[in-house]
Amino acid sequence: MSNALKNIAFTVLLGLGAAIAAAPSGYALDNVTYGTNWLAQAEHGGFYQAIADGTYEKYGLDVSIVQGGPNAANSALLISGKIDFYMGGPQGEITAVEQGIPLVDVAAIFQKDPHVLIAHPDAGVETFEDLAKLKTLFLSKDGYLTYFEWMKANYKGFKDEQYKPYNFNPAPFIADKESAQQGYLTSEPYEIQKQTGWEPKLFLLADNGYTPYSTMITTTQTMIDKKPDVVQRFVDASIEGWYNYLYGDNSKANELIKKDNPEMTDGQIAYSIAKMKEFGIVESGEALDKGIGCITDAHYKKFFEGMVGIKIFKADTDYTKAFTTKFVCKGSGMALKK
């Protein structure tokens, strides 16, 4: 080949390379689906933020959020391979390990589980231990079988006679000053305050020793083995989304949330964000130094051992199969915090 032809060929190759580099990022986006555990809300805000502000696209991802809700079965969709990621939690994943189902937590967006016990402001309940003096505790069946068992094992005075079923209606609690009810830090207290005009007392279980992570990014071992790069990009982009949601302009994300869940209000969203920040739901513990989403063996192990103590899990279960730390604790997105 003559030098002239070589120069022409080189010029053509340079042009092709420039064209490929300039191609829109959507040209080769990987499609990803993330199933949430409930209807759209501020507690899912970072994921909506990463869609709204283009963070997922920047990471080469086209992400669709599949809402959870009363009739949703997103955990089953993950197991069957119909979605790529799910908003799981340690109890579900450790249970899956015991059942031989290879589900793995790859990031912990909530360092603290947001479950609270809610008391009247003038009932003489000043500490978590004081809740044991109350006549009634309104708890869901799941709460009764898990954290109430943990409460009885770790604090004096709690007893089965206090238990009454919680039917997700605050009216019985509001009417009974000698009662407390379970709730989600970011949800039920807002509704109670709206209905009564008084601010309830809140006792976050996570601040009193009940230590599960929450709002996880959970996937399958197959996904980790076959598409580790997609897993890493989804985790990193979601973490950036959470920093931007908490500390940047989240208005577009909130519009997407309200589009998916028309019953959601601006007031509820603002309350939820404020409570997540006040109580360190997203940023506390290891996440303060190593970034949102951080998972550690020590944290996971503490929860596992606590649940073994109340016979939720078998002592010989290999809880380490329920999570991996390889995708998190790298400080991703921390520079975005303002």
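**Exercise 1.** Find which residues of helix α15 (residues 297-309) are buried, meaning under 20% relative accessible area with a 1.4 Å probe and protein chains only.

*Solution.* Start with the list: His299, Tyr300, Phe303, Phe304 and Met307 are buried in α15. Next, check how they sit around the axis: they cover an arc of only 130°, so they lie on the same side of α15. (The arc is taken from the directions from the helix axis to the C-beta atoms.) Here's the handy rule: an α-helix has 3.6 residues a turn, so residues three or four places apart point the same way. Now flip the helix over: the face turned away from the buried side carries Ala298, Lys302 and Gly309, which are exposed (over 50%). Finally, the buried residues of α15 pack, with heavy atoms within 4.5 Å, against α5, β4, α7 and β10.

A quick note on the model: it is predicted, with local features needing pLDDT of at least 70 and side-chain atom pairs counting only at pLDDT 80 or more, while totals for chains, interfaces and linings use all residues. Residues are numbered from 1 along each chain as its sequence is written, and side-chain values use heavy atoms, leaving out hydrogens and water.

**Exercise 2.** Work out how helix α2 (residues 45-52) and helix α11 (residues 228-247) pack.

*Solution.* First, the geometry: their axes are 7 Å apart, at an angle of about 100°. That makes α2 roughly perpendicular to α11, because angles of 65 to 115 degrees count as such. Then look at who meets whom: in α2, the residues include Phe47 and Gln49, and in α11, Phe234 and Trp242 are among them. Last, sort the contact residues: six are nonpolar, six polar and none charged.

Notes. Axes fitted to C-alpha atoms, helices over the stretch in contact; angles between N-to-C directions. Helix = DSSP H or I, 4+ residues; strand = E, 2+ residues; numbered from the N terminus. Parallel < 35°, antiparallel > 145°, perpendicular 65-115°, else oblique. Nonpolar A, V, L, I, M, F, W, Y, C, P; charged D, E, K, R; others polar.
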